[in-house]
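Student: Could we go through a model together and check why each term applies?

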Amino acid sequence: MAGIGIKLNRIFNEGGKSISRTIYGSVYSTLATIAPMLLVIGTMLLMYIFLNFESVGYWDRELFSCSILYVFIFALLTAAPFNSVLSKYVGDRIFEERYQDILPCNYVGLFLNMGLAALVGIPFCVWAVVVGHIPVYYVATTFFCYISLGLCFHEMLYLSILKQYRRVSVFFAVGMLVTFVLSLVLHYIFGVSITYSMLFSMFVGFFLIACFEFSFVKRYFHSNSHHYREVFGYFRLYWKLVLTNFFYVLGLYVHNFVFWTKEDMRLVLADTYVCNQPYDMASCIAMFTNISASVIFIAYVEMYFRKRYQDYNEAVIGGRLKDIMKAKGRMFRLFSDQIVRIVNIQFIISVVLFLVCLIVLPRLGMSGLVMSIYPCMAAGYFVLFITYTVILYLQYFNDLTGSMLTGIAFCVSVFIFSLLSMNLPEDWYALGVFAGSIVGWTVAYFRVRWVERHLNEHIFCRGSIVEELNRPMPSPKVYDRRLGGFIDDEEELDAEQ
């Protein structure tokens with residue numbers, strides 16, 4: 001995200017801290033981080049309005065809603081184990097200026113991501129056709145939409161590393177424009193049903209975006225070293241990143257999975273799709289209430305913390321001990337200050353949006369159980385996003401063990417507390433999210449303090465004086481009486497060969 005930081009610094013340095021510059025910087029950071037999501041949501045809303053989605057029958061409407069819900073959730077879950085390690089590999093290769101290794105990483109990532117997505121999706125699709133009796137064409141389109149969205153998530157990783165945020169937004173804008181226009185054409189000109197017009201158009205839009213992204217990466221990194229084994233080796237070295245990202249993303253949805261099993265609330269459609277509409281809707285609203293924390297975090301890190309982190313690294317490389325300790329103190333003081341600022345700003349934003357939702361949403365028909373669950377859910381997501389910022393700080397300090405423990409503690413805690421909260425009154429259904437996020441935040445906070453106390457050991461005591469080689473183990477025999485001297489390892493290897 002360094003490109004965002006550079007651009008934001010330029011915005012504020014050119015115009016000072018005026019209100020107009022502050023608004024412009026806030027809008028830019030928002031569009032650079034969550035613009036694709038806003039474009040997808042906006043397109044869905046436009047299709048709902050212009051295609052008169054409310055006129056669709058209940059069964060078809062719920063089938064489409066559940067299909068889209070499953071597409072997004074499981075596309076994120078299947079991409080989660082790989083993205084962080086692939087990002088690490090690409091960042092290292094760019095630093096080493098080994099650009100010819102990027103395409104092998106892309107191909108390996110595609111193979112792993114699509115392989116896991118197919119492993120999860122194909123059995124579900126077979127079940128939907130055989131047991132649920134959902135039409136084959138509808139199930140196939142849903143599967144292709146799910147695969148295409150997974151491709152979008154995978155290729156977005158490379159464009160983000162290249163700081164091509166505008167291109168990502170442009171690709172999504174073009175893809176969603178095609179989606180909207182195609183849905184109108186299919187329904188009003190060719191007479192296709194409303195729900196299938198929307199589903200097929202979403203598939204075409206996601207596939208088009210993935211093609212744009214892949215072609216850009218292919219054109220940007222035109223050479224191929226064919227070093228595929230190195231990429232697999234990174235998954236062995238950085239398996240903690242795999243677990244961190246997977247358990248965090250799983251923790252985002254595990255409470256939904258728990259409440260999908262609640263007998264008196266869940267909806268089972270065609271013996272295939274299972275959901276809990278009030279709980280899922282409350283989760284969605286709560287997420288949007290607090291999602292600005294991610295934007296604030298990225299802006300703060302790239303504008304301020306990254307410079308302090310760089311100063312500390314430079315002091316370690318060529319500075320005195322006094323300079324190292326001073327840079328370390330300044331870095332952790334800024335870290336504490338930024339966490340407090342993110343919490344304060346996000347708290348104000350969340351309170352305002354919370355009040356707006358309480359006033360506006362009931363007038364739009366969202367009342368009853370949804371609004372009963374929402375307050376506690378909003379509090380849970382507030383802590384959840386703050387916890388994620390600390391996880392990213394831990395990865396900044398290369399504490400992969402701490403970030404993994406935080407992700408696992410967060411996911412397991414949300415799951416356990418969600419099971420317990422199922423038996424509570426409806427106002428406390430989301431207590432599992434809140435309590436689990438508190439546990440994750442506590443683990444992350446104390447881990448950061450541990451890193452602060454042991455950072456010198458982490459930096460200076462983890463090196464290797466002896467060079468590591470990947471070669472056959474030498475013979476334990478070092479002296480041969482017949483030869484009358486010591487045996488050289490290389491000579492012995494040559495003699496054996």
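Tutor: Happily; what follows is a short talk about helix packing and salt bridges. This is a predicted model, where local features need pLDDT of at least 70, side-chain atom pairs count only at pLDDT 80 or more, and totals for chains, interfaces and linings use all residues. Residues are numbered from 1 along each chain as its sequence is written, and side-chain values use heavy atoms, with hydrogens and water left out.

Student: Why is helix 10 called oblique to helix 12?

Tutor: Helix 10 (residues 277-290) and helix 12 (residues 321-360) pack at about 140°, their axes 8 Å apart. Angles under 35 degrees count as roughly parallel, over 145 as roughly antiparallel, 65 to 115 as roughly perpendicular and the rest as oblique. Helix 10 is therefore oblique to helix 12.

Student: What makes R447 and D399 a salt bridge?

Tutor: The term asks for a side-chain nitrogen of Lys or Arg within 4 Å of a carboxyl oxygen of Asp or Glu. For R447 and D399, the closest N and O atoms are 2.7 Å apart, so the pair qualifies. R447 lies in helix 15 (residues 431-460) and D399 in the loop between helix 13 (369-396) and helix 14 (400-421), 48 residues apart.

Student: Why is D101 called buried, and R98 partly exposed?

Tutor: Buried means under 20% relative accessible area, exposed over 50%, partly exposed in between (1.4 Å probe, protein chains only). D101 has 0%, so D101 is buried; R98 has 24%, so R98 is partly exposed. Their side chains also meet in a salt bridge, at 2.7 Å from N to O.

Notes
Axes fitted to C-alpha atoms, helices over the stretch in contact; angles between N-to-C directions. Helix = DSSP H or I, 4+ residues; strand = E, 2+ residues; numbered from the N terminus.
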